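Student: I would like a close look at one part of this model, namely its aromatic rings and the helices that carry some of them. Please take one residue as the starting point and work outward.

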Amino acid sequence: MATAVIDLELKRRPRGIRVPGGYPRALLLLRWAGRPVGQLTLPVVEERIDEHALERALVEWAGWSFWEVWLADSLGEPRTRGGSRPLVPTVAVCTRERPDDLARCLSAIEALPHPGLDVVVVDNRPSTARTREVVERFPSFRYARQDEGGLNAARNRALREARGEVVAFTDDDAVVDTGWLSALLRNFDDPRVLCVTGLTMPIQLDTEAQELFEAYSPFGRGFHRRVFDLSRSSPLAVGPVGAGANMALRRSALALVGEFDEALDGGTPTRSGGDHEMFSRILAAGYRIVYDPAALAWHRHRRSMDELRETLRGYGTGVYAMWTRALVEGREFGVFKQALAWLRYGQVPQLARSIARRPGRMPLGLLVAEWRGCLAGPMAYAAARRQSGGRRP
């Protein structure tokens with residue numbers, strides 16, 4: 001059963017919401033004055049969402065995240081904090097052979113209200129000229145070819161190529177909101193903030209695989225702004241921080257904590273984990289990371305079950321590869337506690353629900369794929385380290 005995805009501005013919401021296409025339900029991203037404040041899933045009847053059902057749901061839903069934004073809007077909250085010198089940004093897109101997705105991504109970046117914005121597209125190990133041809137349709141954007149390594153090598157190349165003080169990363173299969181970059185940048189007024197992440201919502205939920213991904217492993221981290229540092233967060237448990245599909249780093253991170261570990265993430269045997277390992281290193285070094293849901297992007301989830309199975313397997317591999325790195329290179333024995341917690345509170349309950357065929361369960365084949373990835377993680381990191389010649393960030 002597919003779900004329509006609707007972007008709803010509550011301050012000027014229409015009296016009725018039409019949902020064409022035969023969808024039985026709709027996921028509503030709720031905004032107030034442009035700021036994301038929550039989400040609701042409501043039934044669709046005869047291609048409409050009932051106005052009274054929506055009003056009742058909004059009354060039941062409204063919590064502090066909404067009233068906080070409503071109060072700030074009513075009081076005329078300033079758009080910047082502290083009045084410090086505006087930071088110069090670069091937007092970076094790391095991509096590999098997805099020309100259609102990339103064209104959509106770059107069109108959204110081109111529409112950002114930042115004239116003269118520095119944008120660099122890093123083409124990771126290209127096998128065709130299609131990526132370059134897409135970038136050439138955007139004359140002000142720069143193209144950089146990265147022939148070695150995987151996604152983290154491309155991220156490092158983007159940091160070196162950047163002209164801005166802050167580098168905002170988005171994926172080629174994502175579409176950024178018009179307020180995305182401004183929301184990321186305002187959080188860097190605190191000099192202790194080295195990284196900012198944002199809210200990532202699904203572009204579409206048209207297939208079973210997309211529905212399952214959003215239910216089991218969503219990119220969104222809620223609608224409350226959060227600050228992460230050593231006083232309140234473990235560097236080994238950075239899942240709540242966010243995802244690399246929607247993040248910004250100070251370019252000075254290269255000197256302060258080192259570059260991305262090129263033995264991690266897509267294009268290597270470890271398959272993922274490069275963004276989370278960087279988050280972990282930032283926190284361990286005593287810096288802060290901010291999650292700000294106002295920095296909104298939309299992501300195209302994989303459509304087929306085979307793609308989802310491989311994605312979840314890759315996530316399992318990446319998490320255990322990242323923990324292997326922390327154990328071997330940092331002597332972080334806390335990884336055992338984190339692995340046990342993930343088993344106890346996440347994987348084992350999910351497996352039990354699947355075997356018992358309870359409502360809302362994940363298909364057993366997807367859970368097995370993730371477990372297989374976890375088991376492969378340590379050896380995958382060793383293999384990736386050998387491929388990278390043992391070089392460390």
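Student: What is the relative accessible area of Trp-67, and is the residue buried, partly exposed or exposed?

Tutor: Trp-67 has a relative accessible area of 40%, which means that it is partly exposed; buried is under 20%, exposed over 50% and partly exposed in between, with a 1.4 Å probe and protein chains only. The model is predicted, so local features need pLDDT of at least 70 and side-chain atom pairs pLDDT 80 or more, while totals for chains, interfaces and linings use all residues. Residues are numbered from 1 along each chain as its sequence is written, and side-chain values use heavy atoms, without hydrogens or water.

Trp-67 belongs to one aromatic cluster together with Trp-32, Trp-61, Phe-66 and Trp-70. Over the whole structure, the search gives 11 aromatic pairs. One of them joins Phe-66 and Trp-67, with 4.7 Å between the centres and 65° between the planes, an edge-to-face arrangement. Rings of Phe, Tyr and Trp (its six-membered ring) pair if their centres lie within 6.5 Å; planes under 30 degrees apart are stacked, over 60 edge-to-face and the rest tilted. Phe-66, the partner of Trp-67, is buried, because its relative accessibility is 9%.

A second edge-to-face pair is formed by Trp-323 and Trp-342, whose planes stand at 85° with the ring centres 6.1 Å apart. Trp-323 sits in helix α10 (residues 305–330) and Trp-342 in helix α11, so this pair ties together parts 19 residues apart in sequence. Helices here are DSSP runs (H or I) of at least four residues, numbered from the N terminus. Trp-323 is buried at 8% relative accessible area, whereas Trp-342 is partly exposed at 23%.

The two helices carrying this pair also pack side by side in terms of their axes: those of α10 and α11 come within 10 Å and cross at roughly 160°. The axes are lines fitted to C-alpha atoms over the stretch in contact, with angles from 0 to 180 degrees between N-to-C directions. This makes α10 roughly antiparallel to α11; under 35 degrees is roughly parallel, over 145 roughly antiparallel, 65 to 115 roughly perpendicular and the rest oblique. On the α10 side, the contact is made by Gly-316, Val-319, Tyr-320, Trp-323, Ala-326 and Leu-327, and on the α11 side by Val-335, Phe-336, Gln-338, Ala-339 and Trp-342. Contact means heavy atoms within 4.5 Å. Sorted by class, these residues are nine nonpolar, two polar and none charged. Ala, Val, Leu, Ile, Met, Phe, Trp, Tyr, Cys and Pro count as nonpolar, Asp, Glu, Lys and Arg as charged, and the others, Gly among them, as polar.

Helix α11 (residues 335–355) also has α12 (residues 364–387) as a partner, their axes coming within 9 Å and crossing at roughly 150°. The two are therefore roughly antiparallel. Trp-342 appears here again, among the α11 residues that meet α12; the others are Leu-343, Gln-347, Val-348, Gln-350, Leu-351 and Ser-354. From α12 come Leu-364, Leu-367, Glu-370, Trp-371 and Cys-374. This contact of α11 with α12 has eight nonpolar, three polar and one charged residue.

Between α11 and α12 runs a loop that contains Arg-357. Arg-357 has a positive phi of about 55° although it is not a glycine. With 60% relative accessibility, Arg-357 counts as exposed.
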